[in-house]
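Visitor: I would like to go through this model one point at a time. Please start with a single residue and work outwards.

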Amino acid sequence: MAQQEDVFKKIVAHCKEYGFVFPSSEIYDGLGAVYDYGQNGIELKNNIKRYWWDAMVKLNENIVGIDSSIFMHPTIWKASGHVDAFNDPLIDNKDSKKRYRADVLIEEQIAKYDEKIEKEVAKAAKKFGDAFDKEKFLATSVHCQEHQAKRDALHARYAKAMNDNNLEELRQIIIDEEIACPISGTKNWTDVRQFNLMFSTEMGSTADGSMKIFLRPETAQGIFVNFLNVQKTGRMKIPFGIAQIGKAFRNEIVARQFIFRMREFEQMEMQFFVRPGEELKWFEYWKKVRLNWHKALGMGDENYRYHDHDKLAHYANAATDIEFRMPFGFKEVEGIHSRTNFDLSQHQKYSGKKIQYFDPELNENYVPFVIETSIGVDRMFLSIMCGAYTEEVVGENDTRVVLKLPAVLAPVKAAIMPLVKKDGLPEKAREIINTLKYDFNVQYDEKDSIGKRYRRQDAIGTPFCITVDHQTLEDGTVTIRERDTMEQERVPVADLYSIISKKTSFSELFKKL
Ligand code: ATP
């Protein structure tokens with residue numbers, strides 16, 4: 001575990017050192033849980049957004065995109081339930097004065113039982129080798145059964161407390177499980193209180209005439225309130241979806257773990273409108289489609305899993321998360337929710353406007369049901385960084401840090417390097433850049449030895465390094481080095497376009513979906 005924490009620290013440091021992510025307002029000592037993206041980070045982030053946007057909007061003829069405002073009429077948040085129910089249960093440790101989310105403390109405790117079982121299994125697998133039968137072992141090991149029984153009992157108690165909104169019981173679980181504050185090590189806890197996560201501000205100039213408005217905590221409501229606009233102007237027929245990428249704001253109680261939990265972040269959300277009664281079928285459909293989207297990036301299928309929700313949000317009748325194995329455990333990257341017709345019905349009620357769809361096949365009006373897929377750009381970014389960060393031993397006494405990013409997402413696709421800064425090689429390198437720059441993000445690099453330049457590009461995940469040498473001037477060939485294998489090959493300059501595009505083009509990736 002400690003080792004994994006070290007890895008995470010290294011990833012955070014790497015993000016800063018190589019221009020991916022900087023703490024916001026750093027020269028003023030930063031601002032809690034707010035971050036800025038640097039020159040490489042923005043490229044990676046834009047590529048993630050493009051992968052999502054095109055997979056939704058370009059590949060599905062029944063999904064269209066919008067871009068709604070961050071500021072919205074305040075009644076929207078009353079109708080959506082956020083004013084009354086967008087709360088997290090918080091608890092303070094009286095000794096360290098640190099604040100925690102009570103639900104997170106308990107979920108981590110549940111995860112500890114899971115880890116204990118996994119450890120027993122790993123130990124036994126090692127002992128029995130090929131003859132090991134996991135199912136049989138789980139069914140017969142006394143230790144595993146004890147852990148499982150404790151886990152299940154805790155899980156049931158926790159789920160009930162959350163669903164009943166029973167704050168005292170949440171506190172009692174923390175006491176009974178003897179959960180200690182990781183900072184002070186004590187179990188001296190305050191009561192559990194609810195805390196609303198929405199930021200608010202004033203709109204309008206005078207104090208009397210101004211209106212309290214909220215910074216949106218999710219982009220979804222901008223889609224719901226535009227449902228009729230899009231359906232009518234786009235003549236959309238159910239089932240259809242509306243996609244949006246945009247900023248969201250939450251005054252998170254516990255904002256640690258870098259860009260995993262931010263106060264200002266970006267979401268990519270798609271609301272899919274379906275016939276009442278068909279929502280669970282579409283929920284299953286989107287669960288599969290979304291997991292496949294993640295897996296197509298080739299970061300290892302074993303690093304993803306579903307996690308079904310214990311406590312359903314006030315609007316949902318089914319919900320699952322797609323989790324990725326971060327250095328600090330499996331964590332939610334995306335949520336898929338069956339939101340029923342809650343949001344549209346609420347907006348119909350609060351606005352007094354009819355929000356319905358006339359289904360020509362059924363010959364009836366109804367308020368559509370909704371399946372939502374909601375993913376955080378920043379969390380996706382973090383999962384990619386964590387999955388890609390690799391320290392490798394290369395030869396004796398030599399190591400390299402390489403970001404094994406999916407090539408389509410890499411900030412720079414190829415670096416073009418003249419072997420030396422003379423003899424016309426820089427000019428030739430620039431000439432090559434001029435043929436590639438319209439299609440790819442390419443970089444010119446002439447500083448330091450070739451070895452150092454390779455390492456710099458490895459550290460930002462550049463799939464190809466292309467070296468221009470004296471032979472290039474004679475026969476029009478260059479060496480091209482591949483990031484992961486470090487293999488070098490001599491190829492004609494004329495082949496570069498097809499070599500780079502084969503590996504880095506979105507179309508190859510989309511064909512896997
Ligand atoms: P959590 O339980 O981690 O607080 P959530 O279940 O409240 O997350 P949703 O409301 O389902 O999250 O939001 C959808 C997605 O938006 C999440 O899967 C996550 O990727 C992203 N997200 C939510 N809150 C944050 C945040 N504070 N910082 C970064 N990304 C976030």
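Visitor: Leaving aside neighbours within four places in sequence, which residues is Gln231 in contact with?
Guide: This is a predicted model, so what follows describes a prediction. Gln231 sits in helix H10, which runs over residues 227-233. With neighbours within four places in sequence set aside, the contacts of Gln231 are Met236, Phe240 and Tyr357.

Visitor: Is Gln231 buried or exposed?
Guide: A residue counts as buried under 20% relative accessible area and as exposed over 50%. Gln231 has a relative accessible area of 13%, so Gln231 is buried.

Visitor: How many residues surround the ligand, and how do they divide into nonpolar, polar and charged?
Guide: The shell around the ligand has 16 residues, the closest being Glu252, Arg261, Met262, Glu332 and Val333. By type, the shell residues divide into four nonpolar, five polar and seven charged.

Visitor: Which residue has a polar side-chain atom 2.6 Å from an oxygen atom of the ligand?
Guide: Two other contacts involve backbone N or O atoms and a nitrogen atom of the ligand: Phe260 at 3.5 Å and Met262 at 2.8 Å. The contact to a ligand oxygen atom comes from a polar side-chain atom, at 2.6 Å, and that residue is Glu332.

Visitor: How much of the accessible area of the ligand does the protein cover?
Guide: On its own, the ligand has 600 Å² of accessible area. The share of this covered by the protein is 87%.

Visitor: Which element gives the most to the shell around the ligand?
Guide: The elements that give two or more residues are strand E10 (264-274), strand E16 (369-376) and strand E13 (329-340). The one that gives the most, with five residues, is E13.

Visitor: What radius of gyration does the whole protein have, and why does it agree with a compact globule?
Guide: The protein contains 18 helices and 23 strands, and its C-alpha trace spans about 75 × 65 × 55 Å along the principal axes. A compact globule of 513 residues would have a radius of gyration near 24 Å, and therefore the value for the protein agrees: 26 Å.

Visitor: What percentage of the contacts with a separation of 6 or more is due to residues 24 or more positions apart?
Guide: Of the 513 residues, 49% count as buried. The accessible surface comes to about 25,400 Å², with 49% of that belonging to carbon and sulfur atoms. Among contacts with a separation of 6 or more, the part from residues 24 or more positions apart is 66%.

Key. Residues numbered from 1 in each chain as written. Predicted model: local features only at pLDDT ≥ 70, side-chain atom pairs only at ≥ 80, totals over all residues. Heavy atoms only, no water. Near = heavy atom within 4 Å. Polar contact = N/O pair within 3.5 Å; in protein donor to acceptor, adjacent residues only side chain to side chain. Areas by Shrake-Rupley, 256 points an atom, 1.4 Å probe, with all protein chains shown as cover. Helix = DSSP H or I, 4+ residues; strand = E, 2+ residues; numbered from the N terminus. Nonpolar A, V, L, I, M, F, W, Y, C, P; charged D, E, K, R; others polar. Buried < 20%, exposed > 50% of the residue type's maximum accessible area, 1.4 Å probe, protein only. Contact = heavy atoms within 4.5 Å. Rg over C-alpha atoms; globule rule 2.2 N^0.38 Å.
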